[in-house]
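Me: I have a protein model open and would like to learn how its labels are decided. Could you go through it with me, step by step?

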Amino acid sequence: MPHRTMVMRKTLHLSHCLVSFPAPSAFIGSFVFLPYSSARTAVDALRFSSSAAGCYPLRRHGGFGEVGTQSPLPELKKRTFTRVSAASWLPGFGTKKEKAPLPEIVKAGDPVLHEPAGEVSVQEIGSEKLQKIIDDMIACMRKVPGVGLAAPQIGVPLKIIVLEDTKEYISYAPKNEIKAQDRRPFDLLVIINPKLKNKSDKTALFFEGCLSIDGFRALVERYLEVEVTGLDRQGQPIKIDARGWQARILQHECNHLDGTLYVDKMVPRTFRTVENLALPLAAGCPPLGDR
Ligand SMILES: [Zn+2]
């Protein structure tokens, strides 16, 4: 499984990127992951809710989406605007400041997901616009809740990823699954211009999903140990040595920055709807787990 190296080093100006911010919607998120025991609940949730359901992979042997938990998500509140009377003699007084809505998750087919993202220039890292993009990404990821998100997924063609996995998210998975996937909690990571490299040839196969491809999952082979270097949100160099599930998340998110979705790397005959996630693999498909 060759690791694609970014050769493109274009610098995009944020003013251009922000144009591609789509309208707000109730569908936001990233990677989700559920135990089989929760599958029924989640499938029911899929049937009865239109919000973020596609983000929840279900699986007896390790669903993997842009990971999260199965707790029901509140619908995004519609924006309401307080009208300010023209006759008001205390301008602004009594008006309510509305929180800007979160950006919508971009779906497969939009070129922003299929083209390499641009490097973030170091000068722009401290800017309000870039920090706002990062804040939006974190908010989107947590709203799902998810364990990873790449900037192109909110329509921003820049090399930025965010990821985190918590004890709570992991608590929803069966212990044998957590062990098989080598899944451990880690604190929020914001990585700008990440560079990914595998640290060993060992790989594992587990199901993945992506919020940009609602409602589907497939087996994807990933390296078990990777190193990612890049910059944090203050522009300071960082290096992450990851293994297991965190390594998988990093590979999934870094792939997004190359314009690569999991479907570009999946074992094609394992592709399935979320509802069919628990069905056995077709004859001839490689088994889940370490290779
Ligand atoms: Zn994804």
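Me: What makes Q234 exposed?
Reply: A count of neighbours decides it. A residue is exposed if 12 or fewer other C-beta atoms lie within 10 Å of its own, buried if there are 20 or more, and partly exposed in between, with C-beta atoms placed from the backbone. Q234 has 11 other C-beta atoms within 10 Å, so Q234 is exposed. Q234 sits in the loop between β8 and β9. Its C-alpha atom is separated by 9.2 Å from that of Q131, 103 residues apart along the chain.

Me: What kind of model is this, and how are residues numbered?
Reply: This is a predicted model: local features need pLDDT of at least 70, side-chain atom pairs count only at pLDDT 80 or more, and totals for chains, interfaces and linings use all residues. Residues are numbered from 1 along each chain as its sequence is written.

Me: What is the mean pLDDT of the protein chain?
Reply: The score is the predictor's confidence in each residue, from 0 to 100. The mean pLDDT of the protein chain is 75, and 67% of its residues reach 70 or more. Over residues 1-30 the pLDDT is below 50, and this stretch has 77 contacts in the model beyond near neighbours in sequence. Here a contact is a pair of residues whose C-beta atoms, placed from the backbone, lie within 7 Å. Residues 67-95 also have pLDDT under 50.

Me: How many helices and strands does the protein chain have?
Reply: There are 6 helices and 11 strands. Both are DSSP runs numbered from the N terminus: helices are H or I with at least four residues, and strands are E with at least two.

Me: How do you know that β8 and β9 pair?
Reply: Two strands pair if DSSP finds at least two bridges between them. β8 and β9 have 7 bridges, in the antiparallel sense, so the definition is met. One of the partnerships is V228 with I240 in β9. The hairpin of these strands has 5 residues between them, and G235 there takes a positive phi near 90 degrees.

Me: What joins β5 to β8?
Reply: 5 bridges join β5 (residues 186-198) to β8 (residues 225-231), and the two run antiparallel. K197 has E227 in β8 as its bridge partner.

Me: Why are β3 and β9 said to stand at the edges?
Reply: The open sheet has 5 strands in the order β3-β4-β5-β8-β9, with antiparallel pairing. β3 (148-150) and β9 (237-243) each have a single partner strand, so one side of each is left without a neighbour in the sheet. From one strand to the next, the twist averages 40 degrees.

Me: Which strands does α3 touch, and which does α6 touch?
Reply: Helix α3 (residues 128-143) packs on the sheet and touches β3, β4 (160-165) and β5, its direction making about 35 degrees with that of β4. Helix α6 (residues 244-257) also packs on the sheet, touching β3, β4, β5, β8 and β9, at about 160 degrees to the direction of β4. For these angles, axes are lines fitted to C-alpha atoms, for helices over the stretch in contact, and values run from 0 to 180 degrees between N-to-C directions.

Me: How do you know that the length of α6 agrees with what is expected?
Reply: The expected span is 1.5 Å times one less than the number of residues. The 14 residues of α6 should therefore span 20 Å, and the end C-alpha atoms are 21 Å apart, which agrees.

Me: What makes α6 mostly covered?
Reply: 13 of its 14 residues are buried. Just after α6, G259 takes a positive phi of about 80 degrees.

Me: Why does N193 count as buried, and D182 as partly exposed?
Reply: N193, in strand β5, has 21 C-beta neighbours inside 10 Å, so N193 counts as buried. D182, in the loop between α5 (175-181) and β5, has 16 C-beta neighbours inside 10 Å and therefore counts as partly exposed.

Me: What is notable about their phi angles?
Reply: Most residues other than glycine have a negative phi, and most peptide bonds are trans. D182 has a positive phi of about 50 degrees although it is not a glycine, and N193 has a positive phi of about 50 degrees too. As for peptide bonds, the one from V144 to P145 is cis, with omega near -10 degrees. P145 lies in the loop between α3 and β3.

Methods
Contact = placed C-beta atoms within 7 Å.
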